[in-house]
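Student: I have a new model open on my screen and would like to walk through it with you. Could we take it one question at a time?

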Amino acid sequence: FGGILRDVLCGRHLALGGQSYAMATGAGSSVYVLLRQMSLAGMPIPLVARILLSAGTTIFVRMWEFVREEPLLRPMHYDEEQHERAKLELQRQQQQALNLVVQPQQP
């Protein structure tokens, strides 16, 4: 909800359905519900294990997106060309920052 409020206040496009954190949360909660149903059906799955596995699933999905450096879900207003330009600009900025670190400017 905070992200939606931020987008409204900043005048950004709302990208409902394109938020990967929502997908990660959905995956984690689905794992919890599945494990809970299995526990209710008679499988001895401790509560701590259910919590840790569901939290681990959520963290894994978010980390997977972070490592890939691409969103798992595209925003509804996704523009391939704009995304590529932004990606190239970010790479350029990272290279400039790396050059400043490797070769500090002389006074």
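Tutor: Happy to. Let us begin with a term: two residues are in contact when heavy atoms lie within 4.5 Å. Keep in mind too that this is a predicted model.

Student: With that in hand, which residues does Tyr-32 touch, not counting residues up to four places away in sequence?
Tutor: First place the residue: Tyr-32 lies in helix H2, residues 20-40. Its relative accessible area is 25%, and because buried means under 20% and exposed over 50%, Tyr-32 counts as partly exposed. Leaving out residues up to four places away in sequence, the residues touched by Tyr-32 are Leu-47, Arg-50, Ile-51 and Ser-54.

Student: How far apart in space are Tyr-32 and Ala-49, C-alpha to C-alpha?
Tutor: Along the sequence, 17 residues separate Tyr-32 and Ala-49. In space, the C-alpha to C-alpha distance between Tyr-32 and Ala-49 is 9.5 Å.

Student: Let me step back to the whole chain. What pattern does the protein chain follow along the sequence?
Tutor: The protein chain has four helices and zero strands. Read along the sequence, the pattern is therefore written with helix symbols, given that helices and strands are DSSP runs numbered from the N terminus. For this protein chain the pattern is α-α-α-α.

Student: What share of the contacts with a separation of 6 or more comes from residues 24 or more positions apart?
Tutor: One pair that is far apart in sequence is Gly-56 and Gly-28, 28 residues apart along the chain, with C-alpha atoms separated by 7.5 Å. Gly-56 itself has its place in helix H3, and it is partly exposed at a relative accessible area of 33%. Over the protein chain, among contacts with a separation of 6 or more, the share from residues 24 or more positions apart is 51%.

Student: What percentage of the residues in the protein chain is buried?
Tutor: The protein chain exposes about 8600 Å², and carbon and sulfur atoms supply 64% of that area. Of the 107 residues in the protein chain, the buried ones make up 14%.

Student: Now for charges. Which residue meets Glu-65 in a salt bridge?
Tutor: The structure holds two salt bridges. In one of them the N to O distance is 2.7 Å, and because the two residues are three apart in helix H3, residues 47-68, Glu-65 and its partner Arg-62 are separated by about one helical turn. Glu-65 counts as buried at 13% relative accessibility, whereas Arg-62 counts as partly exposed at 35%. The partner of Glu-65 is Arg-62.

Student: And how far apart are the closest N and O atoms of Arg-92 and Glu-89?
Tutor: Arg-92 and Glu-89 lie in helix H4, residues 80-102, and since they are three residues apart, about one helical turn separates them. Arg-92 counts as partly exposed at 39% relative accessibility, and Glu-89 is also partly exposed, at 31%. In their salt bridge the closest N and O atoms are apart by 2.4 Å.

Student: What about rings: which ring does the charged end of Arg-68 sit over?
Tutor: Pairs between aromatic rings do not come into it, as the structure holds zero aromatic pairs. The charged end of Arg-68 is 5.5 Å from the centre of the ring it sits over, and that ring belongs to Trp-64.

Student: One last topic, the surface. What is the area of the nonpolar patch made by Ile-59, Met-63, Phe-66 and Val-67?
Tutor: Two of its members are easy to place: Met-63 is found in helix H3, and so is Ile-59. Met-63 is partly exposed, with a relative accessible area of 44%, while Ile-59 is exposed at 54%. Ile-59 also has its C-alpha atom 9.7 Å from that of Tyr-21, 38 residues away along the chain. The patch made by Ile-59, Met-63, Phe-66 and Val-67 has an area of about 460 Å².

Note on methods. Residues are numbered from 1 along each chain as its sequence is written. This is a predicted model: local features need pLDDT of at least 70, side-chain atom pairs count only at pLDDT 80 or more; totals for chains, interfaces and linings use all residues. Side-chain values use heavy atoms; hydrogens and water are left out. Buried means under 20% relative accessible area, exposed over 50%, partly exposed in between (1.4 Å probe, protein chains only). Accessible areas come from the Shrake-Rupley method with a 1.4 Å probe; for residues, only the protein chains shown count as cover. A salt bridge is a side-chain nitrogen of Lys or Arg within 4 Å of a carboxyl oxygen of Asp or Glu. Rings of Phe, Tyr and Trp (its six-membered ring) pair if their centres lie within 6.5 Å; planes under 30 degrees apart count as stacked, over 60 as edge-to-face and the rest as tilted. A charge sits over a ring if NZ of Lys or CZ of Arg is within 6 Å of the ring centre and within 35 degrees of the ring normal. Patches are made of residues with over 30% relative accessible area and no salt bridge: like charges are joined within 9 Å, nonpolar side chains (Val, Leu, Ile, Met, Phe, Trp, Tyr) within 5 Å.
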